[in-house]
Amino acid sequence: MSRKKIPRSKGASAPATNGPRPARPGTVRPGSEAPPNGPPQSGRPSLGGGGDFYDVAFKVMLVGDSGVGKTCLLVRFKDGAFLAGTFISTVGIDFRNKILDVDGMKVKLQMWDTAGQERFRSVTHAYYRDAHALLLLYDVTNKASFDNIQDWLSEIQEHAQRNVVLMLLGNKVDSSHEREVKREDGEKLAKEYGLPFMETSAKTGLNVDLAFTAIAKELKQRTTKTPNEPRFRLHDYVEREGRGGSCCRL
Ligand SMILES: Nc1nc2c(ncn2[C@@H]2O[C@H](COP(=O)(O)OP(=O)(O)OP(=O)(O)O)[C@@H](O)[C@H]2O)c(=O)[nH]1
Ligand SMILES: [Mg+2]
């Protein structure tokens, strides 16, 4: 399958849009404590009383067309809620943190919610290089968002780290009557690019925790694996756990 290049859009740079924020102890913000292209950060105890204790932190970025459900997926994972009703498109970039217990280790995920709209593309470009993992979403009820995945992959190839952990997600599977992209088509595309793949629903919570947990496990293992520890296999894990339709835990 050919990979189309999409032209770079012109616009403001990311850090200017986001603006500097005061750093809380135990938290990391891009461009300051977070070294560009750097390794995952080791954790520090919080002095701010926010309970923000962690052993290691990683940056996870959500990308995909506008309206595929990136913000909803993140809110579902972070707060266990679904943002129904009026669609409020993300402007620039937003972030949320969540600390997971992964095999006895506190793993902090700094999750970057990007704007899918084309006009913000140059903003998100600036963040790719710091991402340890990318969740690439399409909407199973919107064929165009699936067709655009190859363009997103070209972007990722151009801007992200070579060893970035990447997972493909087909969201909104709860809307079965409106489905335009078959599960098999998602699987086929993922296989073609060697990506782990799952279908999700931010509305019901299907596979949402699983997607983030799988990413956290993979990143944690890359950092802390001891020689005797069995290797975590992201593809196998996602395939095994995703088939069962993992729902709304954590
Ligand atoms: N049925 C259903 N609707 C969803 C799901 N996820 C998101 N939506 C709806 O889809 C619309 C867009 O969701 P968002 O999460 O804001 O989309 P986004 O990808 O963040 O869009 P941008 O911020 O513009 O990039 C909203 O109206 C949501 O309620 C889902 O899993 N199922
Ligand atoms: Mg959004």
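This report describes the overall make-up of a predicted model, then its magnesium site, one helix pair and three buried residues.

Residues are numbered from 1 along each chain as its sequence is written, and chains are lettered from A and ligands numbered from 1 in the order in which they are written. Because the model is predicted, local features need pLDDT of at least 70 and side-chain atom pairs count only at pLDDT 80 or more, whereas totals for chains, interfaces and linings use all residues, and side-chain values use heavy atoms, with hydrogens and water left out.

**The chain as a whole**

The secondary structure of the chain comprises eight helices and seven strands, where helices (H or I, at least four residues) and strands (E, at least two) are DSSP runs numbered from the N terminus. Of the 250 residues in the chain, 50% are buried; buried means under 20% relative accessible area, exposed over 50%, and partly exposed in between (1.4 Å probe, protein chains only). Among contacts with a separation of 6 or more, 71% join residues 24 or more positions apart, a contact being heavy atoms within 4.5 Å.

**The magnesium site**

The magnesium ion (ligand 2) is coordinated by Thr 71 through OG1 and by Thr 90 through OG1, at 2.0 to 2.1 Å. Thr 71 belongs to helix H2 (residues 70-79) and Thr 90 to the loop between H2 and strand S3 (93-102), so the pair ties together parts that are 19 residues apart in sequence. Donors are N, O and S atoms within 2.8 Å of the metal (3.2 Å for Na, K and Ca), and since water is not among the atoms, sites may look incomplete. Both Thr 71 and Thr 90 are buried.

**Helices H3 and H5**

Helix H3 (residues 121-128) packs against helix H5 (residues 149-159) at an angle of about 50°, with the axes 9 Å apart; axes are lines fitted to C-alpha atoms, for helices over the stretch in contact, and angles run from 0 to 180 degrees between N-to-C directions. This makes H3 oblique to H5, given that angles under 35 degrees count as roughly parallel, over 145 as roughly antiparallel, 65 to 115 as roughly perpendicular and the rest as oblique. On the H3 side, Arg 121, His 125 and Tyr 128 meet Trp 152, Glu 155, Ile 156 and His 159 of H5.

Nine of the 11 residues of H5 are buried, so H5 is largely enclosed by the rest of the structure. The elements that cover its buried residues include S2, H3, strand S5 (133-139), helix H4 (143-147), strand S6 (165-171) and helix H6 (183-193).

**Three buried residues**

The table sets out where each residue lies and its relative accessibility.

| Residue | Place | Relative accessibility |
|---|---|---|
| His 125 | helix H3 | 11% |
| Met 61 | strand S2 (residues 56-64) | 0% |
| Asp 65 | loop between S2 and H2 | 14% |

Not counting residues up to four places away in sequence, His 125 touches Glu 155 and His 159. With the neighbours within four places in sequence left aside, Met 61 is in contact with residues including Trp 112, Thr 124, Tyr 128 and Leu 135, and the C-alpha atoms of Met 61 and Ile 93, 32 residues apart along the chain, are separated by 9.8 Å. Asp 65, on that basis, is in contact with Lys 70, Gly 116, Leu 137, Ala 144, Ser 145, Asn 148 and Trp 152, while Asp 65 and Phe 146, 81 residues apart in sequence, are 8.8 Å apart in space, C-alpha to C-alpha.
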